[in-house]
Amino acid sequence: MSDLRSTDQRRSTDTPAAAIPGQPRQVHFAAHFPGVNNTTVWSDPASGSHIEFDSFSHLAKTAEAGLFDFFFLAEGLRLREHQGQIFDLDVVGRPNTTAVLSALAAVTKHIGLAGTLSSTFNEPFDIARRLATIDHLSNGRAAWNVVTTSNAFTGENFRRGGYLDYADRYRRAEDFIDVARRLWDTAAGDGSFTHGSDFFDISGRFPTGALPGGHPVVFQAGDSDSGRDFAVGSADVIFTRHSDPESGRKFYADVKSRLARYGRTEDSLKIYPGVSIILGDTPAEAVERSREVAAQQVSEAGAIAFLERVWDRDLSAFDPNGPLPDVPPAAESISQGRVKHIKDAEATIASWRQIAEAEKLSARELVIKVSTRHSYVGTPAQVATDLAEAVRTRAADGFILVPHLTPGGLDEVVAKVVPELQERGVYRTEYPDGSLRENIGLPAARPAADWAENRDRARSVHTDAELKEVG
């Protein structure tokens with residue numbers, strides 16, 4: 001739901017956690033290169049290309065100037081379709097992730113380079129080698145966001161086709177990560193490896209030599225109960241959608257409480273929610289800018305397309321500036337390549353009708369309200385205070401900033417919010433001299449065998465407890 005109150009207004013409803021003794025917890029930033037979403041306002045004259053290297057380079061260099069931890073690149077393996085057509089207001093596709101990150105390694109010195117790569121449609125030897133290459137080119141700054149890809153539409157792009165059931169996608173992903181880590185382990189020796197499992201039967205020699213960072217940092221974004229356990233058992237960083245402080249603290253506490261069972265400490269898994277920041281010289285100006293950006297992010301055509309993905313039917317005959325469509329949802333899918341977040345369309349539509357009627361909103365105004373979210377809205381000082389408070393109260397370890405303009409959408413944050421945080425003593429003033437793992441504050445890479453052993457032990461104990469409870 002959109003919340004256009006300034007951060008000062010929202011702060012009064014947040015429940016602060018207990019103070020943390022010792023040095024203030026440090027705020028960390030990362031930069032998300034937008035594109036395969038409706039966050040970016042591509043119609044703005046300040047928006048640039050989403051595929052020319054200058055755009056990637058600009059955002060990465062800006063983030064490095066702001067001492068960010070890492071640059072994050074999502075992935076789109078197939079152009080998404082709506083009613084059988086590429087939706088003309090959606091950004092189409094992505095260039096090759098590892099090629100872009102390799103190029104960025106040459107124009108940056110400190111910032112981490114994180115890329116999204118599917119464990120369903122790739123092979124571990126190839127992914128491990130590509131990431132090891134980036135790690136060498138960047139001197140230890142490579143990171144991998146592991147996704148499992150949940151739709152057969154995307155699978156049609158690949159020889160294997162289709163996709164795996166939910167449980168098998170996670171089993172394959174876990175095995176995939178284990179194999180990659182074993183390959184990176186062998187790189188420090190003679191490179192020889194043999195691995196046999198339900199998903200992979202491979203052997204040979206890994207050809208890159210020892211990696212500067214030990215292992216690339218592994219990201220995961222699962223939010224379900226099994227997704228959280230998957231992250232705790234296999235990942236170094238979680239990219240989460242829990243961007244508001246209240247839900248962030250609940251998510252943070254739940255995930256961190258699972259770590260001990262897997263033999264891990266609190267600082268061995270970092271949590272970064274994706275957030276957006278809208279700044280103004282005054283609180284009122286920031287709120288007004290937030291309203292303007294939200295209106296830009298949802299065009300009339302975009303509003304109808306958004307509703308069609310929930311109704312699962314053609315709504316092109318309806319006026320986006322009129323009331324919500326007065327027809328029931330259909331039981332078919334007219335959108336391909338998107339993750340369907342709304343599971344109960346009828347209940348959601350009923351809720352939206354109540355909101356629209358109570359607040360006298362048109363269909364487009366309703367879409368703006370329920371689909372746009374600007375996490376932190378205020379003056380640079382207000383936003384800095386609230387970000388520091390969110391980290392202090394353990395709603396997050398850092399933030400992945402998602403700008404609405406590419407490539408200059410983080411310029412203002414780096415120029416105005418970073419200095420405010422530094423004045424408060426909660427943001428570094430220079431990069432530490434080390435790998436991405438050290439910049440984030442993660443412990444040294446553990447051997448793949450340690451991950452597997454701790455995971456097996458944790459799940460064995462869990463299963464025993466469940467059997468006793470049933471007995």
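This report describes the nonpolar cores, one strand and several salt bridges of a predicted model.

## The largest nonpolar core

In soluble globular proteins, nonpolar side chains tend to be buried together. In this model the largest nonpolar core has 43 residues, and the members that touch the most others are Phe29, Phe68, Phe71 and Phe399. Several helices and strands each supply at least two residues of this core, namely the strands β1 (29–33), β2 (70–73), β12 (277–279) and β15 (399–401), together with the helices α2 (53–65), α3 (97–105), α13 (380–392) and α14 (411–423). Of these, α13 gives the most, with six residues.

Phe71 shows what such a position looks like in detail. When residues up to four places away in sequence are not counted, Phe71 touches Ala31, Phe33, Phe56, Leu59, Ala60, Leu101, Leu104, Ile111, Gly112, Leu113 and Ala114. Apart from the largest core lies another one, of 34 residues, which includes Ala173, Val255, Tyr262 and Leu269.

## Strand β1 and its neighbours

Strand β1 is mostly covered, since five of its five residues are buried. In a regular strand the side chains alternate between the two faces of the sheet. In β1, Phe29, Ala31 and Phe33 point one way, while Ala30 and His32 point the other way, and all of them are buried.

Which strands pair with β1 in the parallel sense? One partner is β15, which runs parallel to β1 and is joined to it by three bridges. Another is β2, which also pairs with β1 in the parallel sense over three bridges. Ala31 takes part in both pairings, having Leu401 as its bridge partner in β15 and standing opposite Phe71 in β2.

## Salt bridges between distant parts of the chain

A search of the whole structure finds 28 salt bridges. In one of them, Arg172 is paired with Glu123, and their closest N and O atoms are 3.6 Å apart. Because Arg172 belongs to helix α6 (residues 166–187) and Glu123 to the loop between β5 (112–118) and α4 (124–138), this pair ties together parts that are 49 residues apart in sequence. Arg172 is buried, with a relative accessible area of 5%, whereas Glu123 counts as partly exposed at 36% relative accessibility.

Helix α6 also holds Glu174, so the salt bridge between Glu174 and Arg455 of helix α16 (residues 448–470) ties together parts that are 281 residues apart in sequence. The N to O distance in this pair is 3.6 Å. Are these two partners buried or exposed? Glu174 counts as buried at 15% relative accessibility, and Arg455 counts as buried at 4%, because buried means under 20% relative accessible area.

## A third pair and a network

The side chains of Asp397 and Lys256 meet in a salt bridge with an N to O distance of 3.0 Å. Asp397 is in the loop between α13 and β15, and Lys256 is in helix α8 (residues 245–257), so that the pair links parts of the chain 141 residues apart. Asp397 counts as buried at 6% relative accessibility, and Lys256 counts as buried at 11%.

Salt bridges can also share partners, and in this model such sharing joins Asp223, Asp225, Arg228, Asp229, Arg241, Asp254, Arg258 and Arg261 into one network.

Methods:
Residues are numbered from 1 along each chain as its sequence is written. This is a predicted model: local features need pLDDT of at least 70, side-chain atom pairs count only at pLDDT 80 or more; totals for chains, interfaces and linings use all residues. Side-chain values use heavy atoms; hydrogens and water are left out. A nonpolar core is a set of buried Ala, Val, Leu, Ile, Met, Phe, Trp, Tyr and Cys residues joined through side-chain atoms within 4.5 Å. Buried means under 20% relative accessible area, exposed over 50%, partly exposed in between (1.4 Å probe, protein chains only). Helices (H or I, at least four residues) and strands (E, at least two) are DSSP runs, numbered from the N terminus. Contact means heavy atoms within 4.5 Å. A salt bridge is a side-chain nitrogen of Lys or Arg within 4 Å of a carboxyl oxygen of Asp or Glu. Two strands pair if DSSP finds at least two bridges between them.
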